[in-house]
Amino acid sequence: MVEVILKNVKKAYGSVEVIHGIDLHIEDQEFCVFVGPSGCGKSTLLRMIAGLEDINDGEIWIGDKDVTDLEPVDRGISMVFQTYALYPHMTVRENIQYGLKVSKTPQDEIDRRVADAAKNLQLDDYLDRKPGQLSGGQRQRVAIGRSIVRKPDVFLFDEPLSNLDAELRVYMRIEIARLHNRLDSTMVYVTHDQVEAMTLADKIVVLQAGRIEQVGSPLHLYDDPDNQFVAGFIGSPRMNFLPGKVTAVDGDSTSISVDGANVNITLTQNSPSDGDDVTVGIRPEHLGVDGQGAQITVRPDVTEQMGGVGYMHTYTAQDIHVVAEVKGRIAASATEAEQIALSFDPGQAFVFDGSGGRLR
Ligand SMILES: Nc1ncnc2c1ncn2[C@@H]1O[C@H](COP(=O)(O)OP(=O)(O)OP(=O)(O)O)[C@@H](O)[C@H]1O
Ligand SMILES: [Mg+2]
């Protein structure tokens, strides 16, 4: 069992605290992804798990060991960075086996593990090349290979695919998913990329400014975000947010005026009060042009036709950008109109209070 447990972990650089008391439980064999905007503390958190950064308070446990004061080499982890950090003068084989040589692993064992990793990562044909003779994706695979051969209990990845072009990213993303299936190891993975987070994670940790906003499975965060930040962060294109005002509350039924339309939304847990300013969130795929349900009036701007779906970029009378996802092709009549009505099912809308908390 190799769980990773953070207990009230804090980090300050000088007098500036950047991680404010994080509690987190990553299960054995789980694929846990940290996401959040630049500077929110993803790398710092990962580096603290790795032991590359001291912590100012709290504890870090890996498996049944308190590793808070252990050196990186004693933690049973291995880290893959965004910059592959390969030795340019060494061959692929020498790069992959470097750590094992240093730790005086017997050569036959080294050969076995290198062959295994090379097979897993489809690097067999490149073992005698130097990194300079490889593509970016191949170099990143070498960096991952170097990590695999050490048989760590926990793999730590810091944006390993962000230097790759779009096509290679998709390919390597699938490779990493396969690797996780094959190795059954606990993995902690940092990314900015929404799609990587959604597709790879068993559990996503959404961070903002050194705090956890929400933890959950990708679809849980997508379907049931706790606040406007998570709602806006998870999902691509992102959720549309429209200002609304509560016009009446009758038991579970809340009437909200949104862009001139009056919308009835059922809120059973925490109702707002009459007159409250709220934000109504509607995902692009929940906006249609079929006239069913509640409606807002917008003026079409740019459209993006992807083939299977299209995205209509529009603006409300108050100049709020609203994106609607349309299945199939977007009709010219819709894009050329001065104004169109976008419709949605109020049951699929999200409501947030003035401070961004979710009303359910
Ligand atoms: N060595 C350092 N000294 C001072 N402040 C630092 C140091 N390293 C990081 N920070 C600060 O800590 C905060 C978290 O940084 P971190 O690198 O963890 O962010 P991140 O979420 O990984 O961002 P990115 O997505 O840009 O990689 C930032 O505000 C950053 O400026
Ligand atoms: Mg980072």
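## Strand β3 and its partners

In this predicted model, Phe31 of strand β3 has Met187 of β8 as its bridge partner. That link is part of a wider pairing: β3 (residues 31-35) and β8 (residues 186-190) run parallel and are joined by four bridges. Strand β9 (residues 203-208) also runs parallel to β3, again with four bridges between them. Here Val35 is the residue that stands opposite Val206 of β9.

How much of β3 is buried? Five of its five residues are, so the strand counts as mostly covered. Cover comes on both faces: Phe31, Val33 and Val35 are buried on one side, and Cys32 and Phe34 are buried on the other.

## Just before β3, and just before β9

Look in the loop between β2 and β3 and you'll find Gln29. Its phi is near 65°, a positive value in a residue that isn't glycine. Gln29 has 15 other C-beta atoms within 10 Å, so it is partly exposed.

Asp202 sits in the loop between α6 and β9. It has 15 C-beta neighbours inside 10 Å and therefore counts as partly exposed. Leaving aside residues up to four places away in sequence, Asp202 touches Glu30, Phe31, Cys32 and Ser217. His313 is another matter: 111 residues along the chain from Asp202, with 32 Å between the two C-alpha atoms.

## The open sheet

There's also an open sheet of four strands, in the order β2-β1-β4-β5, with antiparallel pairing. Strands β2 (16-26) and β5 (65-66) are at the edges with a single partner strand each, so one side of each has no neighbour in the sheet.

At the β5 end, β4 (residues 57-62) pairs with β5 in the antiparallel sense over two bridges. Which residue of β5 is the bridge partner of Trp61? That would be Asp66.

## Around ligand 1

Eleven names are worth finding here: the residues around ligand 1 are Tyr13, Val18, Gly36, Ser38, Gly39, Cys40, Gly41, Lys42, Ser43, Thr44 and His192. Sorted by class, this shell has three nonpolar, seven polar and one charged residues.

Which element gives the largest share of the shell? Helix α1 (residues 42-50) does, with three residues.

## Helix α4, mostly covered

Helix α4 (residues 136-148) has 13 residues, and its first and last C-alpha atoms are 18 Å apart, close to the 18 Å expected at 1.5 Å a residue. Ten of the 13 residues are buried, so this helix is mostly covered. The buried ones are Arg139, Gln140, Arg141, Val142, Ala143, Ile144, Gly145, Arg146, Ser147 and Ile148.

What covers them? The cover includes the strands β6 (77-80) and β7 (154-158), along with the helices α2 (92-102), α3 (107-120) and α5 (166-183).

## Helix α5, with one buried face

Helix α5 has 18 residues, which should span 26 Å at 1.5 Å a residue; the C-alpha atoms at its ends are 26 Å apart, so the two agree. Its buried residues are Arg169, Met172, Ile176 and Leu179. Why do these line one face of the helix? Looking down the axis of α5, they fall within an arc of 80°, so they share one face. The general background is that an α-helix has 3.6 residues a turn, so residues three or four places apart point the same way.

The buried residues of α5 pack against α3, α4 and α6 (194-200). On the other side of the helix, Glu167, Ile174, Arg178, Asn181 and Arg182 are exposed.

Now for what lies on either side of α5 along the chain. Glu159 is in the loop between β7 and α5, and its phi is positive, near 45°, although it isn't a glycine. With 19 C-beta neighbours inside 10 Å, Glu159 counts as partly exposed, because a residue needs 20 or more to be buried. After α5 comes Asp184, with a positive phi near 50°.

## A cis peptide bond

One last spot to look at: the peptide bond joining Ser236 and Pro237 is cis, with omega about -5°. Where is Pro237? In the loop between α8 (228-233) and β11 (240-250).

Note on methods: Residues numbered from 1 in each chain as written. Chains lettered and ligands numbered in written order. Predicted model: local features only at pLDDT ≥ 70, side-chain atom pairs only at ≥ 80, totals over all residues. Near = placed C-beta within 6 Å. Nonpolar A, V, L, I, M, F, W, Y, C, P; charged D, E, K, R; others polar. Pairing = 2+ DSSP bridges. Expected span 1.5 Å × (residues − 1). Buried ≥ 20, exposed ≤ 12 C-beta atoms within 10 Å, placed from the backbone. Contact = placed C-beta atoms within 7 Å. Arc of directions from axis to C-beta.
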